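Here are my notes on the model you sent over. Have the structure open while you read.

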Number of protein chains: 2
Amino acid sequence: MAAPVEFYFDFSSPYGYLASEQIDQLCAQHGRQTDWRPIMLGVVFKQTGQQPLVEVPLKGDYSKRDILRTARLWGGPFVVPDAFPFPSISACRAAYWAKDRHPEQAKPLMQALLRRAWNRNQDIAKPDSVVAVAGEVGLDRGETAKALQDPAVKDRLRQELEASLAAGVFGSPYIVVDGEPFWGNDRLDMVDKWLARGGW
Amino acid sequence: MAAPVEFYFDFSSPYGYLASEQIDQLCAQHGRQTDWRPIMLGVVFKQTGQQPLVEVPLKGDYSKRDILRTARLWGGPFVVPDAFPFPSISACRAAYWAKDRHPEQAKPLMQALLRRAWNRNQDIAKPDSVVAVAGEVGLDRGETAKALQDPAVKDRLRQELEASLAAGVFGSPYIVVDGEPFWGNDRLDMVDKWLARGGW
C-alpha cells in the first residue's frame, strides 16, 4: 500500500484550514490516505526570514481579499477568527500527543480544532480551549491537560518542527505526494493531477 | 465594451512568462481584450521588503522545482535562461515606448522578448538585444535605440512603476479583472471563473 500523502498545515493558517476540508476526499478519490502534520509558521519564518503573509505590504491586503474569495469559491462554512493570527503551540502539542497515544482520535481532534477556529470564531490558542475540544472528540480532559505540560510532549513537537524544516516545509498547506512537494491551497488541482498520473 | 483585463508581468519572471502564453486566449474565450503592462519586481521588493523568490530559503528550492513542473504541465516550449534573474529595464522602456508610439507592435514586441528569453535562452537584458528584437517585429532599430536613451521614455517607465505600486501590484503575473486582482500563474483558473461568472 502506498505511503500516506503528507499534509502539513498551521492551525492559524486560513489556506491550511481550507485545504484541510478538501485534502482527505481528494486523496481518497485516488485510494490514498493522508497523514496530518501540524506545523508552526512562526518557527518557519525565523528560518526563512519571511513575515506573516497578512503583514507584508501590498501582499497582505491582497491576501485578506483572496482568503475570503477562495473560501466563497469553496463554498463551505468559513470565518476569519477575530484573534487571527493566533498561537497554536497547544493545539500542535495536543495533536502530536494524540497521534502517538490515541491515533484514532488524532485527526478528529485536529479537525475539531480547525473548525472551532475557522467555522465558529472561537479560541483554540488557550490550553483550556484545546482541552475542551479534546473532550468533545472523546479524549480524556485531565489526561490531555497533563499532556500539554509534559516535557516529553513539548520535545516531540520541537523535533517534529525541526524535521519539517529539514524536509523543506516552509508554508501552509504543504502537501507531499510520494516525495513531490506542493505548497498552497491553490495547488490542490495539481495534487489531484499528480495523484492521477503519478507525475509528469 | 468592457475594459481590457490588465496583465502585469516582469520579463524576468518565469510565472509571468507562463501566464503570458495563456492569458490572451483565456480572456478571448470570454470576449475580453488584455492590456500587457510590464513591471520590475526589484522595484516592488524594495517597497514590500521581500526577496526574489528563488533566493528565499526553502521556498527558493521549492520554486525552482515548481517552475519546471508548472511549465511541463502547460506543455509549451520553456527554458530557464542561464542569466535568470536578469535586469529588464530596457525591455520595459521599449515596451511602454511601443505602447505609446507604435501600439500595434507593442504586444508582439513584448511577446518576442519573452520568448527570446524563455524559449531560446537568449539575452534580453542588453539594450542591443532589445533593439534587435524590436527590429524583428517591424519596429525601426534606430528609433528604438534612441527611445531607450530618451529621458521622457525613462520617466514614462518610472511613472508606470509608481502607478502599479499605488494600484497594489506586488507580483508577477498580477491580473486585474474589472478591479478584482489575481496574483500568480496558479490563479488563471480563478481568473477564468471570475470572467465567466462576473465574481462570486
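The points below cover the contact between the chains and then the aromatic pairs.

1. First, a reminder that this is a predicted model. Every number below is computed from it, so to speak, on paper.

2. How many residues does each chain bring to the contact? Chain B puts in 34 residues, and they touch 34 residues of chain A. Interface size is often quoted as the accessible area lost when the parts come together. For chain A and chain B that comes to about 3200 Å², with 56% of it on carbon and sulfur atoms.

3. There is a fair bit of charge pairing to look through: eight salt bridges run between chain B and chain A. One to click on is A:Asp66 with B:Arg187, where the closest N and O atoms are 2.4 Å apart. Counting polar contacts between the two chains gives 16 residue pairs, with both residues at pLDDT 80 or more.

4. Which parts of chain B face chain A? The elements giving two or more residues are helix H3 (41-48), helix H4 (59-74), strand S4 (180-183) and helix H10 (188-197) of chain B. H4(B) supplies the largest share, eight residues. By residue type, this side of chain B splits into 16 nonpolar, seven polar and eleven charged.

5. Now the rings. Over all chains there are 36 aromatic pairs. Take B:Tyr8 and B:Tyr174: the ring centres sit 6.3 Å apart and the planes are at 70°, and over 60 degrees counts as edge-to-face, so that is what this pair is. B:Tyr8 belongs to strand S1 (residues 5-9) of chain B and B:Tyr174 to strand S3 (residues 174-177) of chain B, so the pair ties together parts 166 residues apart in sequence. Both B:Tyr8 and B:Tyr174 are buried.

6. A second pair worth a look is B:Phe86 with B:Trp118. Their ring centres are also given as 6.3 Å apart, but the planes are at 45°, so this pair is tilted. B:Phe86 is in the loop between H4 and helix H5 (89-101) of chain B, while B:Trp118 is in helix H6 (residues 103-118) of chain B, so the pair links parts that lie 32 residues apart in sequence. Buried or exposed? B:Phe86 is buried, at a relative accessible area of 10%, and B:Trp118 is buried too, at 0%.

7. Over in chain A, have a look at the ring cluster. Ring pairs join A:Tyr17, A:Trp74, A:Phe78, A:Phe84, A:Phe86 and A:Trp118.

Note on methods. Residues numbered from 1 in each chain as written. Chains lettered and ligands numbered in written order. Predicted model: local features only at pLDDT ≥ 70, side-chain atom pairs only at ≥ 80, totals over all residues. Heavy atoms only, no water. Contact = heavy atoms within 4.5 Å. Buried area = accessible area lost by both parts, 1.4 Å probe. Salt bridge = Lys/Arg side-chain N within 4 Å of Asp/Glu carboxyl O. Polar contact = N/O pair within 3.5 Å; in protein donor to acceptor, adjacent residues only side chain to side chain. Helix = DSSP H or I, 4+ residues; strand = E, 2+ residues; numbered from the N terminus. Nonpolar A, V, L, I, M, F, W, Y, C, P; charged D, E, K, R; others polar. Phe/Tyr/Trp six-rings, centres within 6.5 Å; stacked < 30°, edge-to-face > 60°. Buried < 20%, exposed > 50% of the residue type's maximum accessible area, 1.4 Å probe, protein only.
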